[in-house]
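Student: I should like to learn how to read a structural model feature by feature. May we begin with the folds and move on to cores, interfaces and charged pairs?

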Amino acid sequence: MGGVTLRVADAAVASMAAAAARRVGGVVGARADLAAELVRVTISVRFGDNCRDVAEAVQRGATQTLAELAGRTALVEVTVAELVLR
Amino acid sequence: MSLDDLTLVVRAQEGDVRAFEALARRHQAALYRTAVRVTGDPAEAEDALQEALLDAWRHLDRFRGDAALSTWLYRLVTNRCIAALRRRRPGPAPDAGVDVAARDSPERSALLDLELAALGRAVQDLPDNLRVCWVLRELEGLGYAEIAEITGAGETAVRGRIHRARVQLAGVMRAWR
Amino acid sequence: MGEIAPLACGRDAAVVWDRAEAGLPLDAHGRDCPHCSAAYAEARRLEVAVHRMAEEPVQMPAQAVEAVLGRVLETARSRIRPEEALRLDSPLGPNRLARAAAATALRAVVDAMDGMRARSCRIAQPGPDTAIDVALTVVARFGLDLAYATAQVRRTVFAAGEQALGLPVRRVDIEVVDLWEA
């Protein structure tokens with residue numbers, strides 16, 4: 001006993017997820033929100049990069065980040081809202 | 001690449017925000033100008049423009065390609081202007097709001113500026129329903145049929161309103177001279 | 001209401017006024033009639049001032065235009081409803097691609113082809129897998145070899161779906177709805 005209990009607010013979880021998303025190649029913009037244990041990340045993707053692959057990479061990155069930084073096992077759903085042309 | 005209104009409308013109806021942006025950019029100047037001339041207030045006109053564009057986005061599915069898009073947009077902005085006018089507390093109408101740029105002017109030019117300002121006040125003093133039709137005809141150059149579509153009034157009523165507006169304005173300007 | 005009182009000579013005042021506004025001269029009656037002439041002269045005087053008013057520029061400063069458009073477009077872009085999204089495969093659970101974004105991208109791909117412009121782009125994802133059916137309406141340049149061009153569009157949309165969207169494309173239907181002259 002004597003460990004530190006880490007509590008991370010929902011807004012912080014969302015921020016971490018969005019930051020993780022932005023580090024993925026092909027992502028042009030990202031925002032996230034947390035609703036009932038589901039982290040929803042909304043991204044804009046550079047057109048030409050494969051949306052399915054980029055979305056999956058964002059899921060992996062966000063899940064890993066949340067596990068490492070917040071100790072959370074999160075379910076992440078990515079929505080590609082916009083494809084940025086040119 | 002410049003696309004025609006109908007192509008942009010169909011795309012926007014299917015959720016293409018960039019197409020909607022192109023339409024908004026194309027038509028915003030005419031809508032704002034109309035709103036300023038109808039309300040006499042640049043701030044209210046800016047609000048009316050913003051609300052009309054939001055109305056357009058939300059209700060694009062109601063626009064059928066048989067009429068001109070500009071007619072439909074004019075209708076949205078005049079509806080917003082009329083709502084703003086109804087919300088106004090009764091009292092003197094605001095100054096015409098259109099700043100005539102100061103000019104180093106000879107006497108004649110100064111007199112013309114005064115005349116323009118007097119006409120502007122006279123237009124704002126018109127009853128709202130007369131002013132709407134008059135602005136659309138005299139300043140936007142629209143036809144009676146189109147104005148009837150925009151206002152929802154019959155063509156005969158539109159002609160009557162414009163004529164009464166002209167008569168009232170002519171009377172004010174005659175007295176001013 | 002809406003009746004226009006006639007001039008003392010019985011003529012329709014609005015007709016006289018419309019002629020004055022259009023810069024047309026009075027007819028034979030009007031030229032000799034003091035009522036019509038007076039109404040016409042008054043109308044001409046007012047119309048001169050009104051034309052000047054119509055010529056006055058009325059504009060928002062460019063910054064204000066951008067601010068208004070920015071607010072409107074942000075609202076237009078917010079929250080995507082379930083029926084507006086296509087499913088993307090992932091071993092970590094399904095992801096989504098906004099249908100409108102996918103359609104915009106496919107339209108851009110068509111637009112990049114010589115002589116064709118996309119109008120409507122409808123995407124259906126009947127399931128159970130993520131494969132899509134695309135239905136396009138296009139406008140084409142007059143004189144274009146339509147059979148060849150539509151075959152090219154079809155190939156390009158198949159490729160774009162697979163490579164850029166990450167969705168297998170099952171079918172691409174193309175309808176040429178209009179032509180334009182170069």
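Tutor: We begin with chain B, whose secondary structure comes to eight helices and zero strands. Please keep in mind that this is a predicted model.

Student: In what order do the elements of chain B run?

Tutor: From the N terminus on, they read α-α-α-α-α-α-α-α. Of the 177 residues in chain B, 49% are buried. Among contacts in chain B between residues at least 6 apart in sequence, 66% join residues at least 24 apart.

Student: How should a nonpolar core be read?

Tutor: The general idea is that, in soluble globular proteins, nonpolar side chains tend to be buried together. In this model, the largest nonpolar core has 81 residues, and Leu119(B) and Trp134(B) have the most contacts inside it. Helix α2 (residues 17-39) of chain B gives the largest share of this core, ten residues. A second, separate core of 57 residues includes Ile43(A), Ala70(A), Val76(A) and Val110(C).

Student: Which residues is Trp134(B) in contact with, leaving aside its neighbours within four places in sequence?

Tutor: Within chain B, the partners of Trp134(B) are Val123(B), Leu139(B), Ile162(B), Ala165(B), Arg166(B) and Leu169(B). Trp134(B) is also in contact with Val50(C) and Met53(C) from chain C.

Student: That leads to the interface. How many residues of chain B are in contact with chain C?

Tutor: The general approach is to take contacts, buried area and composition in turn. Here 53 residues of chain B are in contact with 42 residues of chain C. The area buried between the two chains is about 4500 Å², and carbon and sulfur atoms give 61% of that area. The interface between chain B and chain C counts 13 salt bridges, together with 22 residue pairs in polar contact. On the side of chain B that touches chain C, the elements giving two or more residues are α1 (5-13), α2, α3 (42-58), α5 (107-125), α6 (128-139) and α8 (155-176). By class, that side of chain B has 26 nonpolar, eight polar and 19 charged residues.

Student: How is a salt bridge read within one chain, and how between two?

Tutor: One looks at the distance, then at the location of each partner. Within chain B, the side chains of Arg25(B) and Glu21(B) meet in a salt bridge at 3.2 Å, N to O. Both lie in helix α2 of chain B, four residues apart, about one turn of the helix. Between chains, Arg137(B) and Glu21(C) form a salt bridge at 3.1 Å, N to O. Arg137(B) lies in helix α6 of chain B and Glu21(C) in helix α1 (residues 13-22) of chain C, so the pair joins two chains.

Student: Are Arg137(B) and Glu21(C) buried or exposed?

Tutor: Both are buried. They also belong to a network of salt bridges that links Arg137(B), Glu138(B), Arg159(B), Arg166(B), Asp18(C) and Glu21(C). Another salt bridge joins Arg174(B) and Glu42(C), at 2.5 Å, N to O.

Student: Why does Glu56(A) count as buried?

Tutor: The class follows from relative accessible area, with buried meaning under 20%. Glu56(A) counts as buried because its relative accessibility is 17%. Glu56(A) lies in helix α2 (residues 51-70) of chain A. Beyond its neighbours within four places in sequence, Glu56(A) is in contact with Ser90(C), Pro91(C), Leu92(C) and Asn95(C).

Terms used
Residues are numbered from 1 along each chain as its sequence is written. Chains are lettered from A and ligands numbered from 1 in the order in which they are written. This is a predicted model: local features need pLDDT of at least 70, side-chain atom pairs count only at pLDDT 80 or more; totals for chains, interfaces and linings use all residues. Side-chain values use heavy atoms; hydrogens and water are left out. A nonpolar core is a set of buried Ala, Val, Leu, Ile, Met, Phe, Trp, Tyr and Cys residues joined through side-chain atoms within 4.5 Å. Buried means under 20% relative accessible area, exposed over 50%, partly exposed in between (1.4 Å probe, protein chains only). Contact means heavy atoms within 4.5 Å. Buried area is the accessible area (1.4 Å probe) that two parts lose on being put together, summed over both. A salt bridge is a side-chain nitrogen of Lys or Arg within 4 Å of a carboxyl oxygen of Asp or Glu. A polar contact is a pair of N or O atoms within 3.5 Å; within protein, one must be able to donate a hydrogen and the other to accept it, and residues adjacent in sequence count only if both atoms are side-chain atoms. Ala, Val, Leu, Ile, Met, Phe, Trp, Tyr, Cys and Pro count as nonpolar, Asp, Glu, Lys and Arg as charged, and the others, Gly among them, as polar.
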